[in-house]
Amino acid sequence: MAGVRLINVWKEFDNVVAVKNMTLEVKDGEFMILLGPSGCGKTTTLRMIAGLEEPTRGQIYIGDRLVADPEKDVFVPPKDRDIAMVFQSYALYPHMTVYDNIAFPLKLRKVPKNEIDRRVREVAELLGLTELLKRKPRELSGGQRQRVALGRAIIRKPQVFLMDEPLSNLDAKLRVKMRAELKKLQKQLGVTTIYVTHDQVEAMTMGDRIAVINIGVLQQVGTPEEVYNKPSNTFVAGFIGTPPMNFLKGTLLEDGRMDFGEFLLRLTPDQFEISKDYVGKTLTLGIRPEDIYDAELSPIQDEENTVVGRVEILENLGNEKIVHVSIGEHSLTASLPPESKAREGSKIKLVLNIRKAHLFRESGDAIF
Ligand SMILES: Nc1ncnc2c1ncn2[C@@H]1O[C@H](COP(=O)(O)OP(=O)(O)OP(=O)(O)O)[C@@H](O)[C@H]1O
Ligand SMILES: [Mg+2]
């Protein structure tokens, strides 16, 4: 087992900087998620760790071993890195059965036959492939093929697992099941895992820690709780959470209120203390939909943080009602309990739980 370290790693293609000065430490046995929108550099980062791409600059360590450093001319090829990978676009051996595909890495390593058989059956059971062991890949659905690829990776115990969106081809129900299974399996095996996804729910539910990336730049690394509750900037704040956090642009006043044109809100004394230096500046207040209440059902009363708007759209999800409310130029999304009497086209009074709010500078960096 081994951790993975990236130190000031860059990857430039002809005219694209895919990864910019990335420094990231993945601890031994940790489940680390690389999360970010399409094209942000997740796969490129994983491929550099695997040895399928060479960094333009910087160092990569697996355990204590330097595996890539262009300045020192160090480059350890993939086969000598003791990693197992599952790719976004996986390839199975078409002429082999599911059984043989999964068994392949162990056969290569000359593991005894009965041991191979035991482990293939164990992995097949876990991935729901037991009934399919005799089939060929062409006789499988996309999701089944993906599970075979996953099985082939987890059948042996490498130093590091690298997984690139391994659940993306599965249907929603199976994905939820596999999320939990994969997380449990990773804990059992204790193998350091770097898992790429652009799905923030997957990231929140599976990761010990999440590394949030945007346009090749690492934005924040933290536990799911940290990135959710203490986002370091507006990108992280807006990327994690559904429906996403609301952002309101306004000006901080001397008395600790914020002016949004159509309405004012009052920060708590503690919040104002931290943000005093920004009086007179344009700032962005962030508040999550679940921290906004229907005044009729609100657990808190706070006159100064109550606003009135018009419900433009209401989405009834059964267990909650998502309302999109306009207040003049501004709009707010709130998730309300099913008992809410909110109606499309009607007025609604909303209470903002200001204690849960975040404040960001114009640059996007968080003040709190
Ligand atoms: N071989 C390559 N040559 C040139 N540009 C590349 C190459 N591989 C990736 N890129 C570019 O580098 C950037 C990062 O790509 P990457 O595949 O790492 O993104 P990603 O985060 O994995 O996205 P997705 O979620 O869509 O898979 C993109 O702008 C991409 O177009
Ligand atoms: Mg990718």
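Which elements each supply at least two residues of the lining of the largest cavity? In this predicted model, they are α1, β7 (83-86) and β8 (160-164). The report below describes the ligand site and then the enclosed spaces.

**The ligand site**

Ligand 1 is surrounded by 13 residues, and the closest of them are S38, G39, K42, T43 and T44. Sorted by class, this shell consists of five nonpolar, six polar and two charged residues. Helix α1, which spans residues 42-50, contributes three residues to the shell and thereby gives the most.

Oxygen atoms of ligand 1 lie at short listed distances from three side chains. The table gives these distances.

| Side chain | Atom of ligand 1 | Distance |
|---|---|---|
| S38 (N or O atom) | oxygen | 2.5 Å |
| T43 (N or O atom) | oxygen | 2.7 Å |
| T44 (polar atom) | oxygen | 2.5 Å |

On its own, ligand 1 has 630 Å² of accessible area, and the protein covers 62% of that area.

**The largest cavity**

The structure contains two cavities of 30 Å³ or more. The largest cavity holds about 40 Å³ of space. Its lining is made up of T43, L46, R47, A50, M85, V86, F87, L162 and D164. Helix α1 provides four of the lining residues, which is the largest share. By class, the lining of this cavity comprises six nonpolar residues, one polar residue and two charged residues.

T43 appears in both descriptions: the residue is among the closest to ligand 1, and it also lines the largest cavity. Helix α1 likewise gives the most residues to the ligand shell and the largest share of the lining of the largest cavity.

**The second largest cavity**

About 40 Å³ of space lies in the second largest cavity as well. The residues that line this cavity are F31, I154, F161, M163, L182, L185, Q186, L189 and T193. Two or more of these residues come from each of β8 and α5 (172-189). The largest share, four residues, belongs to α5. The lining of the second largest cavity has seven nonpolar and two polar residues, and no charged ones.

Strand β8 supplies at least two residues to the lining of the largest cavity and two or more to that of the second largest cavity. L162 and D164 line the largest cavity, whereas F161 and M163 line the second largest cavity.

Definitions and conventions. Residues are numbered from 1 along each chain as its sequence is written. Chains are lettered from A and ligands numbered from 1 in the order in which they are written. This is a predicted model: local features need pLDDT of at least 70, side-chain atom pairs count only at pLDDT 80 or more; totals for chains, interfaces and linings use all residues. Side-chain values use heavy atoms; hydrogens and water are left out. A residue is near a molecule or strand if one of its heavy atoms lies within 4 Å of it. A polar contact is a pair of N or O atoms within 3.5 Å; within protein, one must be able to donate a hydrogen and the other to accept it, and residues adjacent in sequence count only if both atoms are side-chain atoms. Accessible areas come from the Shrake-Rupley method with a 1.4 Å probe; for residues, only the protein chains shown count as cover. Ala, Val, Leu, Ile, Met, Phe, Trp, Tyr, Cys and Pro count as nonpolar, Asp, Glu, Lys and Arg as charged, and the others, Gly among them, as polar. On a 1 Å grid over the protein atoms alone, a cavity is a set of points where a 1.4 Å probe fits but cannot get out, and a pocket is an open set with protein on both sides within 12 Å along at least five of seven lines; lining residues have an atom within 4 Å of a point. Grid points are joined across faces, edges and corners, and a volume is the space filled by probe spheres set on the points.
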